Amino acid sequence: PLDALYFLAPSMENMDRLVEELSTKPKYRSSHVFFSHRLEDLMLQRVAESYEAVSRISSFAELNVSMLCYDDRSFQLQDQGD
(Lines give C-alpha, C1' and ligand atoms only; values in the text may rest on other atoms or scores of the structure.)
Protein backbone atom coordinates (compact mmCIF):
# COMPACT_ATOMS: atom_id res chain seq x y z
CA PRO A 1 0.00 0.00 0.00
CA LEU A 2 0.95 3.62 -0.57
CA ASP A 3 1.22 6.45 1.95
CA ALA A 4 -1.49 9.13 2.04
CA LEU A 5 -0.84 12.86 2.07
CA TYR A 6 -3.59 15.13 3.42
CA PHE A 7 -3.39 18.93 3.05
CA LEU A 8 -6.36 20.45 4.87
CA ALA A 9 -7.76 23.75 6.01
CA PRO A 10 -8.48 23.39 9.73
CA SER A 11 -12.20 23.03 10.44
CA MET A 12 -14.24 20.73 12.65
CA GLU A 13 -15.84 19.26 9.53
CA ASN A 14 -12.41 18.34 8.15
CA MET A 15 -11.31 16.94 11.52
CA ASP A 16 -14.43 14.76 11.67
CA ARG A 17 -13.84 13.47 8.13
CA LEU A 18 -10.17 12.81 8.81
CA VAL A 19 -10.91 10.87 12.00
CA GLU A 20 -13.66 8.93 10.26
CA GLU A 21 -11.40 7.94 7.37
CA LEU A 22 -8.44 7.01 9.56
CA SER A 23 -10.63 5.06 11.99
CA THR A 24 -11.97 2.67 9.36
CA LYS A 25 -10.11 -0.17 7.67
CA PRO A 26 -6.77 1.29 6.55
CA LYS A 27 -6.51 2.19 2.86
CA TYR A 28 -2.91 3.41 3.16
CA ARG A 29 0.31 2.25 4.82
CA SER A 30 0.56 5.53 6.76
CA SER A 31 -0.82 9.06 6.67
CA HIS A 32 0.93 12.43 6.57
CA VAL A 33 -1.41 15.23 7.64
CA PHE A 34 -0.67 18.92 7.04
CA PHE A 35 -2.80 21.98 7.75
CA SER A 36 -2.79 25.31 5.95
CA HIS A 37 -2.72 27.25 9.22
CA ARG A 38 -2.94 26.95 13.01
CA LEU A 39 -5.35 24.44 14.54
CA GLU A 40 -7.64 25.42 17.36
CA ASP A 41 -7.18 23.30 20.50
CA LEU A 42 -10.63 21.73 20.07
CA MET A 43 -9.73 20.54 16.57
CA LEU A 44 -6.47 18.99 17.74
CA GLN A 45 -8.32 17.34 20.62
CA ARG A 46 -10.81 15.82 18.15
CA VAL A 47 -8.02 13.93 16.41
CA ALA A 48 -6.13 13.11 19.63
CA GLU A 49 -9.18 11.39 21.12
CA SER A 50 -9.19 8.74 18.37
CA TYR A 51 -6.58 6.05 19.06
CA GLU A 52 -7.19 4.49 15.63
CA ALA A 53 -6.60 7.79 13.83
CA VAL A 54 -3.51 8.72 15.84
CA SER A 55 -1.94 5.29 15.34
CA ARG A 56 -2.13 5.70 11.54
CA ILE A 57 -0.60 9.21 11.38
CA SER A 58 3.15 9.38 10.67
CA SER A 59 3.41 13.17 10.18
CA PHE A 60 1.18 15.93 11.56
CA ALA A 61 2.06 19.61 11.09
CA GLU A 62 0.75 23.14 10.70
CA LEU A 63 2.39 24.83 7.71
CA ASN A 64 0.97 28.35 8.14
CA VAL A 65 0.58 28.97 4.42
CA SER A 66 -2.94 30.34 4.32
CA MET A 67 -3.21 33.36 2.08
CA LEU A 68 -5.64 35.96 0.87
CA CYS A 69 -5.62 36.35 -2.93
CA TYR A 70 -6.40 39.81 -4.26
CA ASP A 71 -6.10 38.92 -7.94
CA ASP A 72 -4.20 36.47 -10.14
CA ARG A 73 -0.85 38.20 -9.43
CA SER A 74 -0.96 39.28 -5.80
CA PHE A 75 -1.63 37.71 -2.44
CA GLN A 76 -0.97 38.26 1.25
CA LEU A 77 0.07 35.56 3.68
CA GLN A 78 -2.39 35.81 6.52
CA ASP A 79 -2.33 34.19 9.93
CA GLN A 80 -5.85 33.26 11.04
CA GLY A 81 -5.06 34.59 14.51
CA ASP A 82 -4.75 38.16 13.19
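1. Before we start, one term: two residues are in contact when heavy atoms of theirs lie within 4.5 Å of each other. Keep that in mind for Tyr6, which touches Leu18, Glu21, Leu22, Tyr28, Ser31, His32, Val33 and Phe34, leaving out residues up to four places away in sequence. Please also remember that you are looking at a predicted model.

2. Now a step back to the whole chain. The protein has 82 residues, and 28% of them count as buried. Its C-alpha trace spans about 40 × 30 × 20 Å along the principal axes. The secondary structure consists of 3 helices and 5 strands, and reading from the N terminus the elements follow the order β-α-β-α-α-β-β-β. Among contacts with a separation of 6 or more, 74% join residues 24 or more positions apart.

3. Next, the sheet. In general, the strands of a sheet pair through backbone hydrogen bonds, and they can do so in a parallel or an antiparallel way. Here 3 strands make an open sheet in the order 1-2-3, with parallel pairing. Strand 1 and strand 3 (57-62) are the edge strands, each pairing on one side only. From one strand to the next, the twist averages 10°.

4. Let us zoom in on one pair. How many bridges link strand 1 and strand 2? There are 5 bridges, in the parallel sense. You can find two of the matched positions yourself: Leu5 stands opposite His32 in strand 2, and Phe7 has Phe34 of strand 2 as its bridge partner.

5. Strand 1 is a nice place to practise seeing alternation. Which of its side chains are buried, and which are not? Ala4, Tyr6 and Leu8 point to one face and are buried, whereas Leu5 and Phe7 point to the other face and are not. So Tyr6, the residue from the opening point, is on the buried side.

6. Ser31 deserves a look as well. This serine lies in strand 2. Is Ser31 buried or exposed? Its relative accessible area is 3%, and because buried means under 20%, Ser31 counts as buried. Setting aside neighbours within four places in sequence, Ser31 is in contact with Ala4, Tyr6, Leu22, Arg56, Ile57, Ser58 and Ser59.

7. Turn to the helices. Helix 1 lies across strand 1, strand 2 and strand 3, and runs at about 165° to strand 1. The axes of helix 1 (residues 12-23) and helix 2 (residues 41-48) come within 9 Å and cross at roughly 10°. Angles under 35 degrees count as roughly parallel, which means that helix 1 is roughly parallel to helix 2.

8. Which residues meet where these two helices touch? From helix 1 come Met12, Met15, Asp16, Leu18 and Val19, and they meet Leu42, Met43, Arg46 and Val47 of helix 2. Sorted by class, this contact has 7 nonpolar residues, 2 charged residues and no polar ones.

9. Finally, the core. The largest nonpolar core has 14 residues, and Tyr6, Leu18, Val33 and Phe35 have the most contacts inside it. Strand 1 (4-8), helix 1, strand 2 (31-35) and helix 2 each supply at least two residues of this core. Helix 1 gives the most, with 4 residues. Two names should look familiar: Tyr6 points to the buried face of strand 1, and Leu18 also takes part in the contact between helix 1 and helix 2.

Key:
Residues numbered from 1 in each chain as written. Predicted model: local features only at pLDDT ≥ 70, side-chain atom pairs only at ≥ 80, totals over all residues. Heavy atoms only, no water. Axes fitted to C-alpha atoms, helices over the stretch in contact; angles between N-to-C directions. Parallel < 35°, antiparallel > 145°, perpendicular 65-115°, else oblique. Nonpolar A, V, L, I, M, F, W, Y, C, P; charged D, E, K, R; others polar. Core = buried A, V, L, I, M, F, W, Y, C linked by side-chain atoms within 4.5 Å. Buried < 20%, exposed > 50% of the residue type's maximum accessible area, 1.4 Å probe, protein only. Pairing = 2+ DSSP bridges.
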